Amino acid sequence: MSQLVDQYQRKFEYLRLSITDVCNFKCNYCLPDGYHRQHKATFLTLPEIRHLVAGFASMGAKKVRITGGEPSLRRDLCEIIETVKTTPGIEKVAMTTNGYRMARDASHWRQAGLDSINVSMDSLDANMFHQITGENLLHKVMAGIDAAFAAGFNQVKVNTVLMKGLNSHELASFLAWIKPRNIQLRFIELMQTGDNQALFKAHHVSGASIMVQLLAQGWIEKVRQSTDGPARVFCHPGYQGEIGLIMPYESHFCDSCNRLRVSALGRLHLCLFGEQGTQLRPLLQQSGQLPELQQMLLAALATKRPTHLLHQGEVGGTYHLASVGG
Ligand code: SAM
Ligand code: SF4
């Protein structure tokens with residue numbers, strides 16, 4: 001069967017699968033007023049997820065990231081992890097979480113087959129964490145990170161959005177924090193979405209400015225693997241931890257795009273900042289629909305643009321990242 005390759009010779013081995021758009025946090029850049037349901041549809045069921053992932057795997061996908069919304073709010077999360085992990089062809093299952101349930105559940109996720117965890121933590125200061133996420137739960141996320149190591153995850157990835165006037169002065173504290181810990185700290189550059197334009201203008205910090213500081217302090221860039229995410233990863237001989245920089249505004253960011261997204265309602269999104277998506281759900285009801293699903297994926301992929309249009313201020317159909325799965 002054909003592989004997931006587009007007309008610019010980009011190969012898509014990485015599926016980011018949202019399993020819910022519900023979230024219990026109110027991050028100021030994502031859902032500042034909290035989650036409000038805007039549809040009556042149910043989220044992808046376990047059998048639909050099974051057929052979807054089998055379809056992607058049959059065309060070369062090797063890695064799946066489970067995301068949301070907040071994926072840990074789904075009661076059948078462990079079954080979902082197990083289903084994805086046991087799909088022939090899938091080598092790696094990762095998940096992005098806000099950490100709310102990690103202290104309680106990290107060991108169950110590990111047992112179900114989860115290979116790696118990214119947890120979002122925007123500040124090391126409890127008050128600032130509360131201000132950014134709307135929840136006074138830094139202690140809980142920290143306990144979750146400890147629980148993940150105790151459950152057998154060798155490395156934990158921590159996602160941090162640095163914002164001018166809020167947490168950007170914490171760079172040095174974050175570096176000190178990862179010095180003795182096997183944590184990959186990933187600074188995600190604040191992205192403009194349909195909903196956060198004023199916040200973006202007031203608080204955006206360029207990833208390039210962080211990179212300049214890292215290079216000046218002796219950090220060295222590592223070589224990318226084919227299923228790696230969008231981060232440029234840096235290491236330092238004096239640190240156990242690593243730094244990842246996700247810089248969507250950097251020129252050529254899209255050249256190495258290797259991921260496709262499916263929303264919790266079953267829509268294929270070719271780009272986080274793209275179109276309204278292609279509805280795949282009618283083709284996920286039975287495994288017998290695999291050829292039609294493959295055809296639909298290929299047809300959609302033929303229309304993938306070479307780059308997003310964020311520089312022109314075009315954010316596509318994405319109101320916030322919780323809707324598509326960041
Ligand atoms: N709820 C989970 C979490 O927060 O980790 C998973 C979904 S969340 C949409 C995934 C990642 O997207 C988080 O690390 C979050 O910080 C990031 N994110 C959300 N909106 C963003 C934005 N406008 N700019 C940059 N990163 C954003
Ligand atoms: Fe929820 Fe994650 Fe969005 Fe924060 S970034 S509001 S935790 S979906």
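The following paragraphs describe the overall fold dimensions, the ligand surroundings and the empty spaces of a predicted model. In this predicted model, local features need pLDDT of at least 70 and side-chain atom pairs count only at pLDDT 80 or more, whereas totals for chains, interfaces and linings use all residues. Residues are numbered from 1 along each chain as its sequence is written, chains are lettered from A and ligands numbered from 1 in the order in which they are written, and side-chain values use heavy atoms, with hydrogens and water left out.

The chain contains ten helices and twelve strands; these are DSSP runs numbered from the N terminus, with helices being H or I of at least four residues and strands E of at least two. Its C-alpha atoms occupy a box of roughly 55 × 45 × 40 Å along the principal axes. The radius of gyration is 19 Å, which agrees with the value near 20 Å for a compact globule of 326 residues; the radius is taken over C-alpha atoms, and the globule rule is 2.2 Å times the number of residues to the power 0.38.

Ligand 1 is surrounded by 19 residues, the closest being Y29, G69, S120, N159 and M191, where a residue is counted if one of its heavy atoms lies within 4 Å. A polar side-chain atom of Y29 is placed 2.9 Å from an oxygen atom of ligand 1. Two nitrogen distances were also computed: a polar backbone atom of G69 lies 2.9 Å from a nitrogen atom of the ligand, and a polar side-chain atom of N196 lies 3.4 Å from a nitrogen atom of ligand 1. Of the 550 Å² of accessible area that ligand 1 has on its own, the protein covers 96%, as given by the Shrake-Rupley method with a 1.4 Å probe. The shell comprises seven nonpolar, ten polar and two charged residues; Ala, Val, Leu, Ile, Met, Phe, Trp, Tyr, Cys and Pro count as nonpolar, Asp, Glu, Lys and Arg as charged, and the others, Gly among them, as polar.

Around ligand 2 are found C23, F25, C27, Y29, C30, L31, G69, N98 and A322. Seven residues of this shell are nonpolar, two are polar and none is charged.

Empty space was examined on a 1 Å grid over the protein atoms alone: a cavity is a set of points where a 1.4 Å probe fits but cannot get out, a pocket is an open set with protein on both sides within 12 Å along at least five of seven lines, and lining residues have an atom within 4 Å of a point. Grid points are joined across faces, edges and corners, and a volume is the space filled by probe spheres set on the points.

The second largest pocket has a volume of about 590 Å³. Its lining consists of 23 residues, with D21, Q38, Y319, H320 and S323 nearest the centre. Two or more lining residues come from each of β11 (267-269) and α10 (321-324), and α10 provides the largest share, three residues. By class, eight lining residues are nonpolar, eleven polar and four charged.

One cavity of 30 Å³ or more is present. The largest cavity has a volume of about 50 Å³, and residues including T160, F187, E189 and M247 line it. Elements giving two or more residues to this lining are β6 (183-188), α8 (207-216) and β9 (242-246). Nine residues of the lining of the largest cavity are nonpolar, two polar and one charged.

Conventions:
Polar contact = N/O pair within 3.5 Å; in protein donor to acceptor, adjacent residues only side chain to side chain.
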